[in-house]
Amino acid sequence: MPDATAKPEASPSSSPLPALAPVPAPLAADVLIVGGGLIGLPLGVALAGAGLETIILDREDPARVVDAAFDGRVSAIAFASQAALAAIGVWHHVAEAQPILDIRVVDGTSPFFLHYDHRTLGSGPLGWMVENRVLRQALQQAVAATPRVRLLAPAAAAHVERGPHGVSARTDDGREIRAAIVVAADGRFSPLREAAGIPTLSWRYAQAGIVCTIAHERPHQGVATERFLPAGPFAMLPMTGNRSSLVWTEPAALAAAMMTLPPAEFRVEVARRFGDHLGALEVVGPRWTYPLALHHAERYIAHRLALAGDAAHGMHPIAGQGLNLGLRDVAALAEILVDAARLGLDIGDEGVLEAYQRRRRFDAMLLLAVTDGLNRLFSNDVAPVRLVRDLGLAAVNRMPPLKRLFMQHARGTLGALPRLLTGQPL
Amino acid sequence: MPAQATPQPDPTGAATPEPREASANTIDPAEVARFDAMAEDWWNPNGPFRPLHQLNPLRIAYIRDQIAARLGTAGTGGGGERMRPLKGLRLLDVGCGGGLICEPMARLGASVVGIDAAARNIAAAARHAQAMGLAIDYRHQPVETLATGSERFDVILALEILEHVADGEAFLAACASLLVPGGLLVAATLNRTARSFAYAIVGAEYLLRWLPRGTHDWRRFIRPHELARSLRGAGLTLETLDGAHYDPLAGRWSLSRDLGVNYMAIATRPAGA
């Protein structure tokens, strides 16, 4: 519902000058989203699908971001996140996805292990593994198929002014945009968050994550395995076909050395950690590395501004929950904005934004703390700690209610859920 | 709640369909400064009108759903029109204050006229609507003089005003005459019970200091059967009465069958009348 009121305009008769370069009228929207990634795009699709005019700005060329060279990573989409993507009409555009049927958590070489079987929670997998480029492609198709959402890319927000009654923005290619609220989905170094003066709390680990894809001889049967090695967690996540995505952590210096190994030697290092239960393996595609760090914004909101995804929080990849946490922001923010619009309220109003912060900030902080704690607990080879956590894992495995709770958290179905996360429409 | 000052005789009131012009012609800098302060107050969610801001989502949803159910405007149009369910309706808000209800109604698609007996409320409301880019027709005018004209409305809102007017029956009669046949009146007021005395006077005005002391006179609160009788007297048909219940811990309002404190009434003008 962009403003219906016309601004007073000069009458045609009062413009005797020949037409100069026409000044385009500002683009009017309800919501401006800065950042068209894995958070900004689904938010735009969700809002527009429910009837809000939405403009998304992204710096990257849409043709480039769906290339494997731009982002070769794979994301674990939790059950609830998949339900949300299905409810907003994105999931049916996802070309291929590998269901996760089992999660096994193994502590080093210990005989004790925790086993999550999807049948414990009824039908449906625990989640899906989707290549980021496949997900980006699906999101672009959903944007194209949804009226009222426009992706302007490549275009950067050169200037964003958050006034008392609305937001006005100018892109680097000179377009003017008016909206009631601006959402920062512009990543962990969010320029919008910086401009709003919202501090972040962050800490780094002396570890780095390595990510690569392997092909193996035998099928993985949809089993995801998380092995806690002394250096840090080593995750094997099933992909379509006889492929798996590996995410593992090493001390930063070792990870750097690992990145420079010739392919044959790198393969040996991978095989040593992965094991031979799926037969011979081969590394396919490039390897990636990034330093492990956690960050959390002190506030998720400012005047007519909401932070979502990595702009609000970023985490250790240990639990594979970063994107899912961001999609929970998307589900909550979309619901709060759409509900406010259905009441005819100003969707950039302080009360509306506060509802979003109340709903999301505690959840994110809890997950960050748990993830940090898990990493500290498991990146440790001291004997008593090992024994305690071995017993702990085995004990969790024998206590169905506790295990059920953990599994629900892995699926993202715990707590009071926004409608989208239960698969309902907005 | 202070949505409306007591109506007062105002010789200029009836003849100012364009309140912005009226105020622009008699600019008093001190007054303008006060309007600004007032506008800030009305629209500040943490200011003196905080209770109204908290109550608003419930009231708006109630009004929207009652209109949809009784005037058949639900689910018309697809896509973006879903956000404008009141499109095509003419709506009058009597005692509109700073426009906290007028603006949502306009965004939902209604063509809105807001009247208030306090000139500074109208000025504050008009300034805010213009800043938000909303076309709302605000007028400094009592309902009685509006009723002498030929304008008619599909929906009339009389929220937290009955307990402030001098003659409730005359007020409702004026409202009734402004409705089209089949049109809808939504009234919200406070019941005259021991509990409403405890909540609205002792609690809201004295203990919590939500409202300035003296905002409400408990003796003028209206019992549901008194309201029903007045509505009948005005030729309207009472359709339903619903209570609004406040949960102080959650800071949230919900609909309730309990009419003991805040309650709302829906009445219609018979189609043949």
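**Salt bridges, cores and confidence in a predicted model**

In this predicted model, A:Glu335 and A:Arg419 form a salt bridge, with their closest N and O atoms 3.8 Å apart.

Q: How many residues apart in sequence are the parts that A:Glu335 and A:Arg419 tie together?
A: A:Glu335 lies in helix α8 of chain A. A:Arg419 lies in the segment after α11 (400–411) of chain A, so the pair ties together parts whose separation in sequence is 84 residues.

Q: Does A:Glu335 count as buried or exposed?
A: A residue is buried when its relative accessible area is under 20%. A:Arg419 has 23% relative accessibility, so A:Arg419 counts as partly exposed. A:Glu335 has 7% relative accessibility, so A:Glu335 counts as buried.

Q: Which residue forms a salt bridge with B:Glu151, and where does that partner lie?
A: The closest N and O atoms of the pair are 2.6 Å apart, and the partner of B:Glu151 is B:Arg139. B:Glu151 sits in the loop between α6 (143–147) and β4 (153–159) of chain B, 12 residues from its partner. At 9% relative accessibility, B:Arg139 counts as buried. The place of B:Arg139 is strand β3 (residues 137–140) of chain B.

Q: How many salt bridges are there over all chains?
A: One of them joins A:Asp173 and A:Arg175, with the closest N and O atoms 2.7 Å apart. Others share partners and join A:Glu96, A:Glu131, A:Arg133 and A:Arg243 into one network. Over all chains, the count of salt bridges is 23.

Q: Which helix of chain A gives the most residues to the largest nonpolar core?
A: The largest nonpolar core has 86 residues, and A:Val31, A:Leu32, A:Leu47, A:Leu135 and A:Leu337 touch the most other members. The helix that gives the most to this core supplies 12 residues and spans residues 322–342 of chain A: helix α8.

Q: How many residues are in the second, separate core?
A: This core includes B:Ala110, B:Ala129, B:Met132 and B:Leu184. Its size is 38 residues.

Q: What share of the contacts in chain A between residues at least 6 apart in sequence join residues at least 24 apart?
A: Chain A has 11 helices and 21 strands. Of its 426 residues, 50% count as buried. Among the contacts asked about, the share is 74%.

Q: Over which residues of chain B does pLDDT stay under 50?
A: The mean pLDDT of chain B is 81, and 77% of its residues reach 70 or more. Where pLDDT is low, the predicted coordinates should not be read in detail. The stretch of chain B under 50 is residues 1–27.

Technical notes
Residues numbered from 1 in each chain as written. Chains lettered and ligands numbered in written order. Predicted model: local features only at pLDDT ≥ 70, side-chain atom pairs only at ≥ 80, totals over all residues. Heavy atoms only, no water. Helix = DSSP H or I, 4+ residues; strand = E, 2+ residues; numbered from the N terminus. Buried < 20%, exposed > 50% of the residue type's maximum accessible area, 1.4 Å probe, protein only. Contact = heavy atoms within 4.5 Å. Core = buried A, V, L, I, M, F, W, Y, C linked by side-chain atoms within 4.5 Å. pLDDT = per-residue confidence, 0-100. Salt bridge = Lys/Arg side-chain N within 4 Å of Asp/Glu carboxyl O.
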